[in-house]
Amino acid sequence: MDQSILFKPLKMGDVELPNRICMAALTRQRCELKDLVPTDMIVQYYGLRAEAGFILTECVPISQRSLAFPGEPGIYTKEQVEGWKKVVDNVHSKGGRIYAQVWHAGRASLSTLQDGLEIWGPSPIKIRGIHRRGLIEHEVPHEMTIDEIHEVIKQFRQAAENCKEAGFDGVELHGAHGYIIDQFLRDSSNKRTDEYGGSVENRSKLCLQVIDEFISVFGNGRVGIKISPVGRLNDQCDSDPLKLYTHLVKELEKKKIAFIEVKDDNDPANLFDFGYPSSKEQIPDLFEVFRPLFSGILLANNQYTPATAIEGIEKGRFDAVTFGRLFISNPDLVERVRNGYELNTNWDVDTFYTKGIKGYLDYPLYSQKQK
Ligand code: PHB
């Protein structure tokens, strides 16, 4: 396999990536519940992956009300910002680049994690099925008022300022997977009749307003977004995703943001049995649609391998790939791909969301394995 295209440097907005093997956001939940501050273990974990084209952090909550996964490190207290500084400094000291994935879970959040604060969402419609991290049902969210929407926009802005203070190279807005931005975008969760609901322009409004805040803090060359136009996670579906995301991507193109990360969903049928059409039935080829609309960097995400990454980049479908699970079990993924070493595909799902170093810091580097 000729992997040289994966090592062709890439200019992503203001930042030069030395390779196209990027690290996707991965929920790991290793913080103490009491403060959600990144610990030394987390500093080490990200530092081990500094060779990535760039690192996206796990989804980082912007407020107490936005929490959905116990132990995810936040970015809304001074202590959390100090903790992230150590992570960023460690990655930088090893020559790497790291962006925060900035996140609010909206109707997917858990009131048990937030001292009983009310759950907020665009419309009072709950996610069907049980919560991704517990045997509990989701709650019916409170339908946010315009003032509450503005409050959340301010919190997103403050989070971006905090990310800047922590030294992050940039930010990615989490606009995918049925969290708050996606909840406003798609019409299975947004039934509003005001300026934030109805037309594709109105449903895109919150997303674009938050992007504007991020740009005013970081500049457009250091801002990106993740989207999942046909993903079904968290009970999501749009009745016309082609229309919605064509509009959104055209607006993002006008703002000249640095990158769009596209979750390339392939639910053969409706994965969660909610009666929605399959992903491929709605948009058979996401990159065929978005590549002509967006001149910035397109990142492909979801179950790519080095071989499928090379194929997609060579065909001009996207520019780089964010790898998830492969980066969990191969901290030195870039070195392994460069040298054609075997990849460890024995990631341990049972340790994805537990505490401690097991399945977190104990995957051997290739060189260690050889000893
Ligand atoms: C998860 O932890 O299950 C999770 C978190 C963020 C996502 C998707 C899934 O974007």
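Author: In this predicted model, helices are DSSP runs of H or I with at least four residues, and strands are runs of E with at least two.

Reader: What percentage of the span of residues 6–344 is helix?

Author: The UniProt record, an unreviewed entry, places the feature "domain: NADH:flavin oxidoreductase/NADH oxidase N-terminal" at residues 6–344. The end C-alpha atoms of this span lie 19 Å apart. Strand makes up 15% of the span, and the helix content is 34%.

Reader: How many charged residues does the shell around the ligand have?

Author: The ligand is surrounded by T27, C59, F69, R132, R133, H174, H177, Y179 and L233. Arg counts as charged, and the shell includes R132 and R133. By class, four residues of the shell are nonpolar, three are polar and the number of charged residues is two.

Reader: What share of the area that the ligand exposes when taken alone does the protein bury?

Author: The ligand occupies the space of the largest pocket. Oxygen atoms of the ligand have polar side-chain atoms at 2.8 Å in T27, at 2.7 Å in R132 and at 2.5 Å in H177. Taken alone, the ligand exposes 280 Å², and the share buried by the protein is 89%.

How values were computed
Residues are numbered from 1 along each chain as its sequence is written. This is a predicted model: local features need pLDDT of at least 70, side-chain atom pairs count only at pLDDT 80 or more; totals for chains, interfaces and linings use all residues. Side-chain values use heavy atoms; hydrogens and water are left out. A residue is near a molecule or strand if one of its heavy atoms lies within 4 Å of it. A polar contact is a pair of N or O atoms within 3.5 Å; within protein, one must be able to donate a hydrogen and the other to accept it, and residues adjacent in sequence count only if both atoms are side-chain atoms. Accessible areas come from the Shrake-Rupley method with a 1.4 Å probe; for residues, only the protein chains shown count as cover. On a 1 Å grid over the protein atoms alone, a cavity is a set of points where a 1.4 Å probe fits but cannot get out, and a pocket is an open set with protein on both sides within 12 Å along at least five of seven lines; lining residues have an atom within 4 Å of a point. A molecule sits in a cavity or pocket if more than half of its atoms lie within 2 Å of its grid points. UniProt positions are given in the numbering used here, feature names are shortened, and annotations may be inferred rather than shown by experiment.
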